[in-house]
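Biologist: I'd like a close look at one small part of this protein, with the rest as backdrop. Could you walk me through it?

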Amino acid sequence: MSTPTLDKTETTIATSTVTTAKKSMKEQVSKFRTGWRRLAPKREGGRFSLLVWAGLFRVVLLVVDCLLAFITAVVIIPQLGAWLHQQSGASQGALTAAGTIAMWLMPLLFLVALLAAGEIVLMRAMWRSATRMITKIRDARRGATGADAASTYTARTNEQSKTTRKRSK
């Protein structure tokens with residue numbers, strides 16, 4: 001075989017491998033998307049209503065949030081406090097009251113504030129993802145029942161919210 005023929009063959013093999021990989025990725029994505037559509041009723045009884053799904057998502061989310069806050073309050077913060085107490089030298093009695101506040105209490109309060117802020121961000125992200133799941137189920141059910149396309153609710157995107165937001169005086 002000549003060199004140009006070899007190059008064409010190698011290029012064809014590499015291109016076909018990439019094409020196959022893209023097709024399998026699309027199949028996986030389409031399987032995931034159709035998974036939500038399976039939750040929609042197909043003219044048969046016995047399926048959960050949207051209210052049940054929304055309640056289920058919200059209850060699970062609230063339980064996870066409570067567990068997260070409880071574990072943080074009972075396990076993480078005390079261990080963090082004990083570690084800071086030991087590392088600052090306050091456990092050996094070498095620090096005065098002002099030194100204890102400066103070397104142990106203030107870093108602990110700062111880290112607790114960071115943990116609280118991180119947990120709030122995580123909880124809000126989980127709440128938004130649950131809202132998106134509920135919206136997907138609702139949209140899939142509307143599509144399955146042949147609901148009016150004009151009556152569907154569309155959530156505003158971040159960009160729309162920023163441009164239409166009223167400023168308070």
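In which helix is Ala 54 found?

Modeller: Keep in mind that this is a predicted model. Ala 54 is found in helix α2, which covers residues 50-88. Ala 54 has a relative accessible area of 18%, and the cut-off for buried is under 20%, so Ala 54 counts as buried. For the backdrop, 15% of the 169 residues of the protein count as buried.

Now for a partner across the sequence: Thr 131 is 77 residues away from Ala 54 along the chain, yet their C-alpha atoms are 8.2 Å apart in space. On the scale of the whole protein, take the contacts with a separation of 6 or more: 69% of them are between residues 24 or more positions apart.

Right after Thr 131 in the numbering comes Arg 132, and that one lies in helix α3, residues 97-145. Arg 132 has a relative accessible area of 52%, and the exposed class starts over 50%, so Arg 132 is exposed. Arg 132 also belongs to a positive surface patch, together with Arg 124, Arg 128 and Lys 136.

Zooming back out, the protein has four helices and zero strands, so to speak an α-α-α-α pattern when you read along the sequence. The exposed area of the protein is about 13,300 Å², with 66% of it supplied by carbon and sulfur atoms. To come back to your spot: Ala 54 sits buried in helix α2, whereas Arg 132 is exposed in helix α3.

Key:
Residues numbered from 1 in each chain as written. Predicted model: local features only at pLDDT ≥ 70, side-chain atom pairs only at ≥ 80, totals over all residues. Heavy atoms only, no water. Helix = DSSP H or I, 4+ residues; strand = E, 2+ residues; numbered from the N terminus. Buried < 20%, exposed > 50% of the residue type's maximum accessible area, 1.4 Å probe, protein only. Contact = heavy atoms within 4.5 Å. Areas by Shrake-Rupley, 256 points an atom, 1.4 Å probe, with all protein chains shown as cover. Patch = residues over 30% accessible without salt bridge, like charges linked within 9 Å, V, L, I, M, F, W, Y side chains within 5 Å. Salt bridge = Lys/Arg side-chain N within 4 Å of Asp/Glu carboxyl O. Lys, Arg positive; Asp, Glu negative; His and termini not counted. Charge placed at Lys NZ, Arg CZ, Asp CG, Glu CD.
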